[in-house]
Amino acid sequence: MTRPVCGTCATPGSVRDGRPWCGTCRIWLVLHGPTGQWVSYAEHTSRDRAAETARLITATARQVTEHLPRVHRMLPKGWTARPHQGIDDAPYAIAIDAPDGVIDATTYLHPPTDTSGWHVTVHNRVTGVGFPSYTDGGARAASFDTVEAAATDGIRLLCGEIHDLASRRAR
Ligand SMILES: [Zn+2]
């Protein structure tokens, strides 16, 4: 077995119980493929997770850029759509807003993943309520095969919020 160099302290590791070991850090070492560094199992897991997050951000940013023009063509007059990343390290979504001053709420179209289609959520900052679009019966979040279907549903939900706001104001 080649003697691994510990990626944390940069000293040559040894072998303990037949596995690579860093006596300085007192950690078992495992090879992190993408960088070729020997790191702890915990570090390996966290790097895998970071790589998966980065992959998801890149993938969703690409899907949003690709599909945004199709959403733009469907918007009611005065409405806007833009790429949205809620916080750093979050996947991208398409944010749809009604014209300025109509309602302080946004609907989001979340790009498909390996296991589902587009998801739709609404965040109403007036009521402080955020909710996903559900399938009939409300058991599961609705999944849409096309961005057009997701946008249609997102616009419908936001119109519903606008309608509710108008009826509250009328009372
Ligand atoms: Zn070390």
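1. In what pattern do the strands and helices follow one another along the sequence of the chain? In this predicted model, the order read along the sequence is β-β-β-β-β-α-β-β-β-β-β-α, which amounts to 2 helices and 10 strands. The radius of gyration is 24 Å, well over the 16 Å that the globule rule gives for 171 residues, and the chain is therefore more spread out than a compact globule.

2. On overall dimensions and packing, the C-alpha trace spans about 75 × 35 × 30 Å along its principal axes. Of the 171 residues, 25% count as buried, and among the contacts with a separation of 6 or more, 37% are made by residues that lie 24 or more positions apart.

3. On confidence, the mean pLDDT of the chain is 91, with 96% of the residues reaching 70 or more. Among the elements, strand E10 (residues 129–132) has the lowest mean pLDDT, at 82, whereas E7 has the highest, at 98. As a general caution, predicted coordinates should not be read in detail where pLDDT is low.

4. Helix H2 covers residues 147–170, and because a helix is expected to span 1.5 Å a residue, its 24 residues should extend over 34 Å, which agrees with the 34 Å found between its end C-alpha atoms. The buried residues of H2 are Val147, Ala150, Ala151, Gly154, Ile155, Leu157, Leu158 and Glu161, a list that a reader may wish to trace on the model. These buried residues pack against helix H1 (41–72) and against three strands, namely E7 (93–97), E8 (105–110) and E9 (119–124).

5. Tryptophan 28 belongs to strand E3, which comprises residues 27–28. Tryptophan 28 counts as partly exposed because it has 17 C-beta neighbours inside 10 Å, under the 20 required for a buried residue. Once its neighbours within four places in sequence are left aside, tryptophan 28 is in contact with Arg19, Pro20, Trp21, Ser40 and Tyr41. For the last of these, tyrosine 41, the separation along the chain is 13 residues and the distance between the C-alpha atoms is 7.0 Å.

6. Is proline 111, in the loop between E8 and E9, buried or exposed? Proline 111 counts as buried, since 22 C-beta neighbours lie inside 10 Å. Apart from neighbours within four places in sequence, proline 111 is in contact with Thr60, Gln63, Val64 and Trp118. Proline 111 and phenylalanine 144, which are 33 residues apart in sequence, have their C-alpha atoms 9.6 Å apart in space.

7. Two loop residues deserve a look at their backbone angles. Most residues other than glycine have a negative phi. Arginine 26, in the loop between strand E2 (19–22) and E3, has a positive phi near 55°, and with 9 C-beta neighbours inside 10 Å this arginine counts as exposed. Aspartate 89, placed in the loop between strand E6 (80–84) and E7, likewise has a positive phi, near 75°. Aspartate 89 is exposed, with 11 other C-beta atoms within 10 Å.

Terms used
Residues are numbered from 1 along each chain as its sequence is written. This is a predicted model: local features need pLDDT of at least 70, side-chain atom pairs count only at pLDDT 80 or more; totals for chains, interfaces and linings use all residues. Helices (H or I, at least four residues) and strands (E, at least two) are DSSP runs, numbered from the N terminus. The radius of gyration is taken over C-alpha atoms; the globule rule is 2.2 Å times the number of residues to the power 0.38. A residue is buried if 20 or more other C-beta atoms lie within 10 Å of its own, exposed if 12 or fewer, and partly exposed in between; C-beta atoms are placed from the backbone. Two residues are in contact if their C-beta atoms, placed from the backbone, lie within 7 Å. The expected span of a helix is 1.5 Å times one less than its number of residues. pLDDT is the predictor's confidence in each residue, from 0 to 100.
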